[in-house]
Amino acid sequence: MLKSLFLSALLITQSLATPVSLAETNALGKRTTAGTIYTKCTQSGVLGMAFDDGPGQYMQQLITTLNNAGAKATFFVTGTLYGCIYNRKTWVQAAIAGGHQIGSHTWSHPSNFGSLTSAQLTTEMQKLETALFNIIGKKPTYMRPPYLATGGAVQSTMGSLGYRIITDDLDSGDWNGYTQAQSQAVFNAASTSGGGHITLMHETIQSTVTQLVPWVLSWAQSRGLKVVTVAQCLGDSNPYVSGSGNGATTC
Ligand SMILES: [Zn+2]
């Protein structure tokens, strides 16, 4: 009886809410799980746009482009890869203000991430968490491993630290020196039915920001895809944990 009442309430809630928002989809139980590797979206009709390696020198320009298009994206940021994150903290804050997602790409982007011990992995994650508490007042529950390294102790450690592990199923190849034509061919070859794609792109590459992103935004629009954050494309409306930092302002 209780169960059927609950189900009726759910159905009423569902029918009143048209269209069902991503947040409500989350409330209906499609939550993500720490320690799980996600390569593509669980929602359809979306493109999960994600950038690695920032905050880089083009981040503010990228945020403006996305905002002007009404698009959302996920920024997997590091602490020190392209300079100290505190030096670009206003851009990280601008990303949050624009409704974009901040995820972790580790503190120092170790080239041997998949070979680190659990203690070393924990240090990499917690140093960035502290900085993000200081900068945006919360820490992410999503991360993308450097070089997409998910082996060794990565999965179990990220699970115990509360992180969803994101890879991709649509590699723009920008990190690999792809031309615009080559990157565009990857998108044009991608199916746009079923669960959306999670992209691998780099905000630290100028042509990605100035050429590829505007092209991808119109590509998505022409195919009726909404450009969203990785968390949104997985039906998760709150990809953070709140907390307080230590007041540091330098790396
Ligand atoms: Zn990276």
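Reader: Let's start with Val186: which helix is the place of this residue?
Author: Keep in mind that we're looking at a predicted model. The helix in question covers residues 180–188, and Val186 falls inside that run. So the name you want, with the helix numbering counted from the N terminus, is the one given for Val186: α7.

Reader: Is Val186 buried, exposed or partly exposed?
Author: Count the other C-beta atoms within 10 Å: Val186 has 16. Buried takes 20 or more and exposed takes 12 or fewer, with partly exposed in between. Because its count is 16, Val186 comes out as partly exposed.

Reader: Which residues does Val186 touch, not counting those up to four places away in sequence?
Author: One of them is Gly173, which sits 13 residues away along the chain, with 8.5 Å between the two C-alpha atoms. The full set of contacts for Val186 beyond four places is Leu170, Asp171, Ser172 and Gly173.

Reader: Moving to the strands, which residues of β5 are buried, and on which side?
Author: In a regular strand, side chains alternate between the two faces of the sheet. Strand β5 runs over residues 74–77, and both of its faces are covered. One side has Thr74 and Phe76, and the other has Phe75 and Val77.

Reader: How many bridges join β4 to β5?
Author: Strand β4 covers residues 50–52 and runs parallel to β5. In this pairing, Asp52 stands opposite Phe76. The chain gets from β4 to β5 through helix α3 (residues 59–69), in a right-handed β-α-β crossover. As for the bridges between β4 and β5, the count is three.

Reader: And how many bridges are there between β5 and β6?
Author: Strand β6 (residues 101–104) also pairs with β5 in the parallel sense. Thr74 stands opposite Gln101, while Phe75 has Ile102 as its bridge partner. Helix α4 (residues 89–97) joins β5 and β6 in a right-handed β-α-β unit. The number of bridges between β5 and β6 is four.

Reader: Which residues of α3 are exposed on the other side from its buried ones?
Author: The buried ones are Met59, Leu62, Ile63 and Leu66. They share a side of α3 because they span an arc of only 100 degrees around the axis. That buried set packs against α4 and α8 (206–222). Across the helix, the exposed residues are Thr64 and Asn68.

Reader: Why do the buried residues of α6 lie on the same side?
Author: Helix α6 takes in residues 154–161, with Val154, Thr157 and Met158 buried. They end up on the same side of α6 because the arc they cover around its axis is only 100 degrees. Their cover includes α5 (118–136), β8 (142–143) and β9 (164–166). The value behind the one-sided placement is an arc of 100 degrees.

Reader: Which peptide bond here is cis, with omega near 0 degrees?
Author: Most peptide bonds are trans. An exception turns up at Pro55, in the loop between β4 and α3. The cis bond is the one running from Gly54 to Pro55.

Reader: What is the phi of Leu148, a residue other than glycine?
Author: Most residues other than glycine have a negative phi. Leu148 sits in the loop between β8 and α6, and so does Tyr147, which has a positive phi of about 60 degrees. Leu148 has a positive phi too, near 55 degrees.

Reader: Which residues touch the most other members of the largest nonpolar core?
Author: That core has 54 residues. Ala50 is one of the best connected members, and beyond four places in sequence its contacts include Ala73, Ile166 and Val230. The full list of top members is Ala50, Ala73, Ile166, Val227 and Val230.

Reader: What about confidence: over which residues is the pLDDT below 50?
Author: The protein chain averages a pLDDT of 91, and 88% of the residues score at least 70. The low-scoring stretch has 16 contacts in the model beyond near neighbours in sequence. The stretch with pLDDT below 50 is residues 1–30.

Terms used: Residues are numbered from 1 along each chain as its sequence is written. This is a predicted model: local features need pLDDT of at least 70, side-chain atom pairs count only at pLDDT 80 or more; totals for chains, interfaces and linings use all residues. Helices (H or I, at least four residues) and strands (E, at least two) are DSSP runs, numbered from the N terminus. The arc is that of the directions from the helix axis to the C-beta atoms. Two residues are in contact if their C-beta atoms, placed from the backbone, lie within 7 Å. A nonpolar core is a set of buried Ala, Val, Leu, Ile, Met, Phe, Trp, Tyr and Cys residues joined through C-beta atoms within 7 Å. pLDDT is the predictor's confidence in each residue, from 0 to 100. Two strands pair if DSSP finds at least two bridges between them. A crossover is right-handed if, with the strands pointing away from the viewer, the path from the first strand over the helix to the second runs clockwise.
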